[in-house]
Amino acid sequence: MAMTIEDVNARFESFIARFSQAHPQDADRVRKAYEYARDAHEGLVRLSGEPYIMHPQAVAEIVFEMGLDAESVMAALLHDVIEDTPHSYAEIEREFGADVAQLVEGVTKLTRTKYTYKEDEQMENLRKMFLAMAKDIRVILVKIADRLHNMRTSGAWSEPKRREKALETMEIYAPLAHRLGISKIKWELEDIALQCLDPIGYKEITDELEKREKNYSHFLENITTQIREELEANGIKAELQARVKHVYSIYRKMYNQHKSWDEIYDLYAVRIIVDDIADCYNALGQVHYIYKPMPGRFKDYISTPKPNMYRSLHTTVIGREGVPFEVQIRTWEMHHTAEYGIAAHWKYKDGVSENKESFNQKLEWVRSLLETQEDTDSDEFLSTLKIDMFADEVFVFTPQGDVISLPAGATPIDFAYAIHSAVGNRMVGAKVGGRIVGYDYELKSGDIVEVITSKNTHGPSRGWLDIAKTSEARNKIRQWFKKMAREENIAEGRARFEEQLKKMGVDSALLTEDVLPQVLKRVSFGTLDELYAAIGYGGITSMRAANRVRDELKRMGKLGEKPQQSTAIPIVDTVETPALPNKKPAKRTESGVVVEGVDNCLVKFSRCCTPVPGDDIIGFVTRGYGVSVHRKDCQNVKALASSNEQGRWINVSWAEEPKDKYVTGLEISARDRQNLVVDVMTALTSLKVTVNSVSAKILNDGYDAVSLVIEIADIGELKAIVANLSKIQGVVNVTRKGYEG
Ligand code: MN
């Protein structure tokens, strides 16, 4: 039973005899490939103990039977040489040419692809990846032939390996064979795989088929004879074949569609093969004349072929014993296409016509698909079409084994954003196959891509916009920039707007929730943030916005001589200060602050709001510590104003010549990054600012808060400092802040 090397040689001789009859000019090259492979695999055996060369030899026969060319037959003979022996691609190219070498390499690549169980969509991507990796459809056909022979001899494998290969066959190879229209091989693959996966279910069906075959031993013979006689009598030349449906399709009907044996009408089928299309319809007429057709079971796949190019007339009729059976009528050409699909369209090359012709043949295939798309399942049609369109897609793996489909030329940036925008925004590098690659690395089908991310990145670079291939990645990068810029714009716009209002003597606390909608309508913005953002990027000047807001407030009666106390919650942290008569500031004092009606009293500056010359200020008479000076918009003023301490507020003002230096606090909010504090200190040094203290803390949301205590002369200098700090990379917001101690 087991083959020896002599047996394999003998098999090859009988094969090459058949091959030479069809293609005498290529016989020598095929023989050379056989001998080369046999020597390369010398001493190697299959699990069955048989010489290894029996496998490539058998695969070559299948490939030949499929109608493929000499290159494909040679590639089949050599398909395991690169993978399993020391021989290299270069050597095969030298001996047999680039065409054969590329086919062998393509099959080797597919062999190395790891298979793990996947969900439907992933499986579909995996199949597409196979197609994409193949580049040349002949690679897939040789690989399918390889798998077919391995499945035929799968008895030698261990049980787990058998199951794994059977599952892979069911999920990848059989659907691929179906898509390529190679139904003959598809059926065989499915039946062998089913036998491995559900041996009991398989046996139940084969047992039943055997039993029925006995019962109806003469049934098929009778009907073929009846039909043949009828056709001959009408001058139609035809060959008749009777077949029993293959096991897996019965299995599927019984288990997925819950049909009983008697509901499977195409269990038996008679195939009528004629010379031309006219005879197909003539034969159909004769069949319907002698048997009663079952209503709704006639299908004309000649006028409307299936997406995989299948063409035939199908009808189900009731035989004389009352048993229904299917009749398929087709021409020889249709028959060949039905059996070998795309391979049938691989017309044999005459040695002269090179790649250009094979390319044209592929185009022909696409064209015929396009012509037949009417009335076919559009999804199936599109995926079939993809076979020839795979050039513009790549399929790559995540480290977890998920397949991601990207356009050809896609980079790690596209990959990262295809997974999630957060992955892209945090990417600091990428690995392909474990090695670091550049951002502009061009991904290839089968690559395993790993994105390196960091919490400490400042996000994507603008340069990525030029590198990314997919609009998805580019949009996400742009969104990021827009969002970041927006936050900065809002902060800046708000500061400018409030400053402007203050200049006009309008308290921003008047913008309460009840008046906001109307005020915003006046400036044509939906929210305050939108208004701030627009001021920030220059869409509207702060002056114009503030003017309109003031006018609207006036119109609404909110701006009287004496502003009304609002009961609504203020949206800005300021409060109406008690109305006190204002007096002109007086002479120079030690503190730089003049306290109304009191000379030389003890003055201290509150640490909660750290007022500086230029700020509107108010004093609070403390118990025993003199007057404490606050900014009028200070939180504590708000708190104290509503208490029963109102009588202790006192008017204060800046002296004409205040002190040189005042201590104040700032807080910088910035995206977390390295060297942020260094950059802040550099900016302050260049502005010649005295820094009393600096501290930074990382917040949980990826932001840093840098607190500063600095010495400055007045509000003008403070604004200049804030403006400079705001320009530092990553800085989102700079606000005034009190300080401790
Ligand atoms: Mn193999």
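When I call a residue buried today, I mean that its relative accessible area is under 20%, and when I call a residue partly exposed, I mean that its value lies between that cut-off and the 50% above which a residue counts as exposed. Please also keep in mind throughout that this is a predicted model.

Let me begin with the manganese ion, whose protein donors are H55 and H79, each through NE2, together with D80 and D146, each through OD, at 2.1 to 2.5 Å from the ion. Along the chain these donors follow the spacing H-x23-H-D-x65-D. H79 and D146 link distant parts of the chain, since they stand 67 residues apart, with H79 in the loop between helix 4 (70-78) and helix 5 (81-84) and D146 in helix 9, which covers residues 137-152. Is H79 buried or exposed? With a relative accessible area of 0%, H79 is buried, and D146, at 4%, is buried as well.

Let me turn next to helix 15, which runs over residues 277-290, has 14 residues and reaches 21 Å from its first C-alpha to its last, close to the 20 Å expected at 1.5 Å a residue. Which residues of this helix are buried? They are D279, C280, A283, L284, Q286, V287 and I290, and because they cover an arc of only 165 degrees around the axis, they lie on the same side of helix 15. As general background, an α-helix has 3.6 residues a turn, so residues three or four places apart point the same way. As for what covers the buried residues of helix 15, the elements include helix 13 (219-233), strand 2 (268-274), strand 3 (292-293), strand 5 (313-318) and strand 6 (324-331).

Strand 5 brings me to one of its residues, T316, which counts as buried at 0% relative accessibility. Its side chain makes a polar contact, at 3.1 Å, with the side chain of R297. If we leave aside the neighbours within four places in sequence, T316 is in contact with Y265, K292, P293, M294, R297, P324, F325 and E326, so that R297 appears both as the polar partner and in this list of contacts.

Finally, let me set a residue of another kind beside these, namely G438, which lies in the loop between strand 10 (435-437) and strand 11 (449-453). G438 is partly exposed, with a relative accessible area of 37%. From C-alpha to C-alpha, G438 and I413 are 9.8 Å apart in space, while in sequence 25 residues separate the two.

Methods: Residues are numbered from 1 along each chain as its sequence is written. This is a predicted model: local features need pLDDT of at least 70, side-chain atom pairs count only at pLDDT 80 or more; totals for chains, interfaces and linings use all residues. Side-chain values use heavy atoms; hydrogens and water are left out. Donors are N, O and S atoms within 2.8 Å of the metal (3.2 Å for Na, K and Ca); water is not among the atoms, so sites may look incomplete. Helices (H or I, at least four residues) and strands (E, at least two) are DSSP runs, numbered from the N terminus. Buried means under 20% relative accessible area, exposed over 50%, partly exposed in between (1.4 Å probe, protein chains only). The expected span of a helix is 1.5 Å times one less than its number of residues. The arc is that of the directions from the helix axis to the C-beta atoms. Contact means heavy atoms within 4.5 Å. A polar contact is a pair of N or O atoms within 3.5 Å; within protein, one must be able to donate a hydrogen and the other to accept it, and residues adjacent in sequence count only if both atoms are side-chain atoms.
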